[in-house]
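The following exercises concern the structure shown below. Each consists of a task and a solution worked in steps.

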Amino acid sequence: MAKLNDNGFEPKIVAFLCRWCSYAGADLAGVSRMTYPANIIPMRVNCSGRVDAGMVMAAFEKGADGVLIGGCHPGDCHYVNGNYKTRRRVILLKRALAEVGVKPQRLHLEWISASEGVKFQRTVTEFTGLIKELGPSPMSGDGED
Amino acid sequence: MSRIGVFVCHCGMNIERTVDTQAVAATLSEHSGVVFTTDYNFLCADPGQRLIRDAIAEHKLDGIIVAACSPAMHEPTFRRVAAEAGLNPYLCEIANIREHCSWVHQDRDKATQKAIRIVKTLVEKVRGNQPLEPLRIDHDDKCLVIGGGIAGIQAALDVAESGFEVILVEKEPSIGGHMAQLSETFPTLDCSQCILTPKMVEVSRHPNVRLLTYSEVVEVTGYVGNYEVKIRKNPTYVDPDKCNLCGECVKVCPKSVGSEFERGLVERKAIYIPFEQAIPSSYTLDEEACLGLHPLRCSECAKVCEPKAIDYDMRPEYIEESVGAIIVATGYSLYPISSLTEYGGGQIPDVIDGLQFERLLSASGPTSGEVRRPSDGKIPKKVVFIQCAGSRDPERHNAYCSKICCMYTTKHALLYRHAVPDGEAVVFYIDIRAGGKGYEEFTQHAIEEERILYLRGKVSKVYRQDDRVVVWGVDTLSNRRVEIEADLVVLAISMNPHPSNLALSKILKISCDADGFLKEAHPKLRPVESLTAGIFLAGAAQGPKDIPEAVSQSSGAAVKAVTLLTKDKLIHSPEVVEIDEAICGGCGICVDMCPYNALAVNGAGVAEVNEVLCEGCGSCVSACPTGAAQLKNMTTQQFVEMIEVALQDG
């Protein structure tokens with residue numbers, strides 16, 4: 001049960017990144033050769049507003065220790081206002097997670113623009129650190145929040 | 001889909017260094033539905049593309065994954081390769097194992113494991129993909145150009161000459177921009193107005209150009225080829241058709257404010273014409289400066305206006321246009337001089353910015369081309385020019401190089417020496433950046449033959465002593481402190497993004513970079529395009545540039561716009577929403593969520609999609625309570641499968 005050993009714990013994190021801002025920000029982090037922990041598996045969505053409750057809950061059910069959603073800054077959404085929809089949805093989802101015994105911090109929403117490679121790096125590094133501290137998610141079977 | 005091929009690219013050492021591509025290929029070969037895997041040095045090169053085409057044919061692949069760089073780079077390339085081999089391009093997906101993996105991790109084991117997970121997610125995606133055909137849509141064939149400086153003028157002329165209608169919108173009362181303020185241009189010393197004004201006239205008279213000055217773009221909706229634009233034409237309170245330019249109104253106007261065109265060196269009246277060659281050639285009543293638009297408040301101008309051109313009841317006019325392409329050429333502004341407190345900026349009257357000095361040099365300027373300093377009108381006998389004022393100073397000011405200042409400072413010093421032959425010119429510089437045709441020669445000529453003293457070093461402090469300005473600096477070549485008593489100090493002030501960029505970027509849904517300049521789609525290969533299809537960038541709006549560069553970029557942007565407008569039909573992504581009529585409850589939530597009015601509930605009580613209007617954001621999908629709304633090739637089911645393999649152990 002090496003997974004329970006806090007120091008050796010390698011969390012699994014799913015990142016939903018909007019194609020216009022955060023995915024491009026992650027590309028910029030790559031082009032700039034910034035380094036960050038390898039725990040996140042990025043998935044491209046057209047808009048952060050596409051990330052529905054089912055996708056987030058599926059990620060936790062299937063063993064994610066954390067879920068990161070990256071969207072365009074308020075006012076910058078490529079699709080007019082999708083990120084505002086996400087912002088509201090994330091508030092509700094955090095409540096729902098708490099109800100089922102998952103710490104709401106395991107779901108994190110961040111605005112990262114296409115020019116913010118540094119912010120992408122920092123966000124992933126800090127979020128991975130936070131999830132490491134929290135330990136495995138209770139929904140993945142062997143953790144408790 | 002049961003015959004999936006996975007191609008893993010080494011990208012030379014870019015991927016291979018941290019990701020074991022052979023291991024990725026080997027692991028994926030075990031994955032359900034994958035019948036072919038390989039790794040290759042450069043898949044984007046011709047032999048790599050051939051390898052993919054051959055494998056599709058030989059192994060009868062019905063879906064492929066190219067694990068390589070970001071889809072932003074080569075998704076179109078590999079989708080084309082798939083199509084060439086007879087595979088529907090929407091059955092090709094890119095797994096980003098370079099930008100999102102090999103370039104950001106150092107531990108080869110961890111990076112390889114992550115790459116395997118990433119590729120697996122794309123295998124699951126492609127398994128759920130359906131073959132799609134691009135939608136072909138009609139488009140408008142007009143072009144909107146925002147900004148009437150030299151960049152916007154050039155772009156407008158090029159598009160208009162290609163036979164398309166152009167709407168040229170300028171915020172100020174006249175077109176011309178900063179170039180109209182310059183005295184001469186480097187390195188040829190052409191008179192700026194002499195080369196600019198013919199272009200101003202040409203663009204204003206061109207039959208294909210509709211010129212809207214004193215106007216602002218306030219709303220843009222739609223998408224590439226079909227933008228709906230709302231423009232507010234601000235009231236000038238002067239009817240240009242009636243105004244005969246007699247200028248009587250200016251004589252009687254009792255209110256003066258600093259002239260923007262003369263950079264505050266002199267005042268203008270509340271009713272004014274920015275400069276003599278202004279286009280349109282008409283007066284503007286500045287409502288903020290005016291004592292009151294109500295005839296009872298003042299109305300001196302209206303009383304003397306013989307042709308009755310002044311109309312206090314003029315209101316903003318809203319103009320709506322449909323355009324296919326948009327070129328943004330908002331230009332630049334200057335870093336605020338008052339922020340340069342170490343140089344006495346904004347406090348010492350004889351510390352001025354480069355554009356103010358242009359006006360002092362200009363024959364049409366407030367001193368008729370005689371260099372006279374602002375404080376007392378004396379001819380300065382010693383002028384210090386400070387380069388990189390606000391540039392290349394990440395701790396206090398802008399981190400970037402403003403690019404044009406080295407050259408215009410040389411020009412300033414040289415023109416000053418010509419205007420005041422017994423005057424001394426001293427230039428403080430960090431480096432001289434004179435890349436450009438004839439630029440280095442121009443600088444060398446100024447240093448060697450025009451007796452301009454170039455001191456390599458930074459100025460630490462500028463202060464006033466009696467009627468002189470004292471400059472403290474250091475000459476780093478001789479390692480000596482330097483103290484110079486000057487009559488005038490000219491700051492080669494940093495170029496700032498135009499203040500309207502931020503608001504405009506939100507209206508247009510394009511991005512600004514960290515400094516506030518408009519962000520290009522690719523810094524090297526797509527420098528005149530924004531990331532939004534159909535919106536192009538020209539001139540200093542995108543980053544500091546001199547005139548020849550701004551003009552070249554404008555012609556480039558114009559060609560891009562014309563290429564789009566010339567097309568018979570535009571291609572629209574078929575990755576749009578579809579409704580499963582069997583489970584749609586007709587609640588209409590999707591209709592409210594859609595930012596594009598692409599959805600409606602039809603007579604049969606189910607939602608219907610207008611595919612051409614749908615941009616594929618998926619807002620409706622996330623909100624649909626029954627799951628009837630799904631984005632083609634990005635369904636919830638696909639994401640669930642992707643999530644599952646991303647998180648699988650081992």
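The model is predicted.

**Exercise 1.** Determine the environment of Asp65(A) and state whether the residue is buried or exposed.

*Solution.* Begin with the position in the chain: Asp65(A) is found in the loop between α2 (53-61) and β3 (66-71) of chain A. Next, consider accessibility. The relative accessible area of Asp65(A) is 0%, and buried means under 20%, so the residue is buried. Then list the neighbours. Leaving aside residues up to four places away in sequence, Asp65(A) touches nine residues, among them Phe9(A), Lys12(A), Arg106(A) and Ser140(A). Finally, examine the polar partner: the side chain of Asp65(A) reaches the backbone nitrogen of Ser137(A) at 2.9 Å.

**Exercise 2.** Characterise the contact between chain A and chain B.

*Solution.* First, count the participants: 50 residues come from chain A and 50 residues from chain B. Second, take the area. The two chains bury about 4100 Å² between them, and 60% of this lies on carbon and sulfur atoms. In chain A, the residues that lose the most area to chain B are Lys12(A), Arg50(A) and Lys62(A), which together account for 16% of what that side buries. Third, turn to the specific interactions. There are 20 residue pairs in polar contact between the chains (both at pLDDT 80 or more), and the salt bridges number five. One salt bridge pairs Lys62(A) with Glu644(B), with 3.3 Å between the closest N and O atoms. Last, classify the side of chain A that touches chain B: it has 28 nonpolar, ten polar and twelve charged residues.

**Exercise 3.** Which cysteines form the disulfide in chain A, and which parts does the pair tie together?

*Solution.* The bonded pair is Cys21(A) and Cys72(A), with an S to S distance of 2.4 Å. Cys21(A) lies in the loop between β1 and α1, and Cys72(A) in the loop between β3 and α3; the pair therefore ties together parts 51 residues apart in sequence. The torsion about the S-S bond is about 100°, so this disulfide is right-handed. Cys21(A) is buried at 5% relative accessibility, and Cys72(A) is buried at 3%.

**Exercise 4.** Assign the bonding state of Cys191(B), Cys194(B) and Cys246(B).

*Solution.* The sulfur atoms of Cys191(B) and Cys194(B) are 2.2 Å apart, and these residues form a disulfide. Its S-S torsion is about 80°, so it is right-handed. For Cys246(B), the closest cysteine sulfur, in Cys249(B), is 6.1 Å away, which is too far for a bond.

Conventions:
Residues are numbered from 1 along each chain as its sequence is written. Chains are lettered from A and ligands numbered from 1 in the order in which they are written. This is a predicted model: local features need pLDDT of at least 70, side-chain atom pairs count only at pLDDT 80 or more; totals for chains, interfaces and linings use all residues. Side-chain values use heavy atoms; hydrogens and water are left out. Helices (H or I, at least four residues) and strands (E, at least two) are DSSP runs, numbered from the N terminus. Buried means under 20% relative accessible area, exposed over 50%, partly exposed in between (1.4 Å probe, protein chains only). A polar contact is a pair of N or O atoms within 3.5 Å; within protein, one must be able to donate a hydrogen and the other to accept it, and residues adjacent in sequence count only if both atoms are side-chain atoms. Contact means heavy atoms within 4.5 Å. Buried area is the accessible area (1.4 Å probe) that two parts lose on being put together, summed over both. A salt bridge is a side-chain nitrogen of Lys or Arg within 4 Å of a carboxyl oxygen of Asp or Glu. Ala, Val, Leu, Ile, Met, Phe, Trp, Tyr, Cys and Pro count as nonpolar, Asp, Glu, Lys and Arg as charged, and the others, Gly among them, as polar. A disulfide is a pair of cysteine sulfur atoms within 2.5 Å.
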